[in-house]
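Biologist: Show me the model, please. I want the reasoning behind each label.
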Amino acid sequence: MNGKKAFLQQDGNNLQFSEATAEEITRFIALDHDLPAIMRGLSKDAKLAPALKAGKGIRILRQDPWECAISFVVSQNSNIPRIEATLQKIREEYGNALGEGIYSFPSPARLSQATLLQLQKLGLGYRAQFVKNFADHVSKHGDFNGLHGKPYADARRLLMNHLGIGPKIADCICLYGLQKLEAFPVDVWIKRVMTSVYGKEITRAYDVSAEKVSAEKIAEFGRKRFGEFAGYAQLYLFQWERNVGKK
DNA sequence: TGCCAGGAATGCG
DNA sequence: CGCATTCATGGC
């Protein structure tokens, strides 16, 4: 976090942390999001309420936009264990050693020094080219072109100009990196849970069978249905769907 | 052991 | 546009 290591652990209602300030922790886990108010608003949707209840307390993090972007570019068409392993390799290979086996996430300048071949050797597959292009661009231009100050729709569109960033990953960057809480990323899990929970409504809204509706339609549906905190609805639905079948 | 993975680019009609 | 195919690799 912020190029340093930090430790955080929850003990009941008590949050314990070290090697970071309360302000840093508060910012990272976004305690400024008024979760009770957000839950009150979203739970007016009776179909969403079970997911909210099951995942009670889950929060959207405030991640560094750069790290967030690379992380989600790496995530595309992959699985979570592999994604975590790959990101760990990137940190070990190009980040700074912080002790205790912990490494910082590399800066854009540092990561752009990696060659395409080196990135491919980390197991990135075809995503290596996307990471390379994006690292080169950000290290050259220095920022995200002031994306923070732009409205959600503009930020999303600008992100999608980059190779390897489509609708879903742009939405994840908007949500977790830029704190555009109305973003509603649609992946395979969200597609599944949305068609099973809101199939009727989606069919009515778009006049296509719920199974055939495109990801972009579901994203639009989610934003309209859940409003300014659609991203929170997405997160709870995602967790809910992934935990189906588990205790 | 083949199917699937927190998708996106590309090409086609 | 909207749809189908292709992409590189590892987890299970």
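Biologist: What makes the pair formed by Lys-168 and DNA strand B a polar contact?
Modeller: This is a predicted model. A polar backbone atom of Lys-168 is 3.2 Å from a phosphate oxygen of DNA strand B. The cut-off is 3.5 Å between N or O atoms, so the pair counts.

Biologist: Which elements give two or more residues to the surface near DNA strand B?
Modeller: Helix 10 (167–177), helix 11 (188–206) and helix 13 (230–242) do.

Biologist: What about Arg-192 and Trp-189? How do you know that they touch a phosphate oxygen of DNA strand B?
Modeller: By distance. For a polar side-chain atom of Arg-192 the value is 2.6 Å. For Trp-189, also through a polar side-chain atom, it is 3.5 Å. The limit reads within 3.5 Å, so both pairs pass.

Biologist: Why are Asn-77, Tyr-126 and Arg-82 said to be near DNA strand C?
Modeller: Being near takes a heavy atom within 4 Å. A polar side-chain atom of Asn-77 lies 3.3 Å from a base nitrogen of the strand. A backbone N or O atom of Tyr-126 is 3.0 Å from a sugar or linking oxygen. A side-chain N or O atom of Arg-82 sits 2.3 Å from a base oxygen. Each value is under the limit, so the label holds.

Biologist: What makes two of the residues near DNA strand C charged?
Modeller: The surface residues include Arg-82 and Arg-127. Arg counts as charged, so these are the two. Another three are polar and two nonpolar.

Key:
Residues numbered from 1 in each chain as written. Chains lettered and ligands numbered in written order. Predicted model: local features only at pLDDT ≥ 70, side-chain atom pairs only at ≥ 80, totals over all residues. Heavy atoms only, no water. Polar contact = N/O pair within 3.5 Å; in protein donor to acceptor, adjacent residues only side chain to side chain. Helix = DSSP H or I, 4+ residues; strand = E, 2+ residues; numbered from the N terminus.
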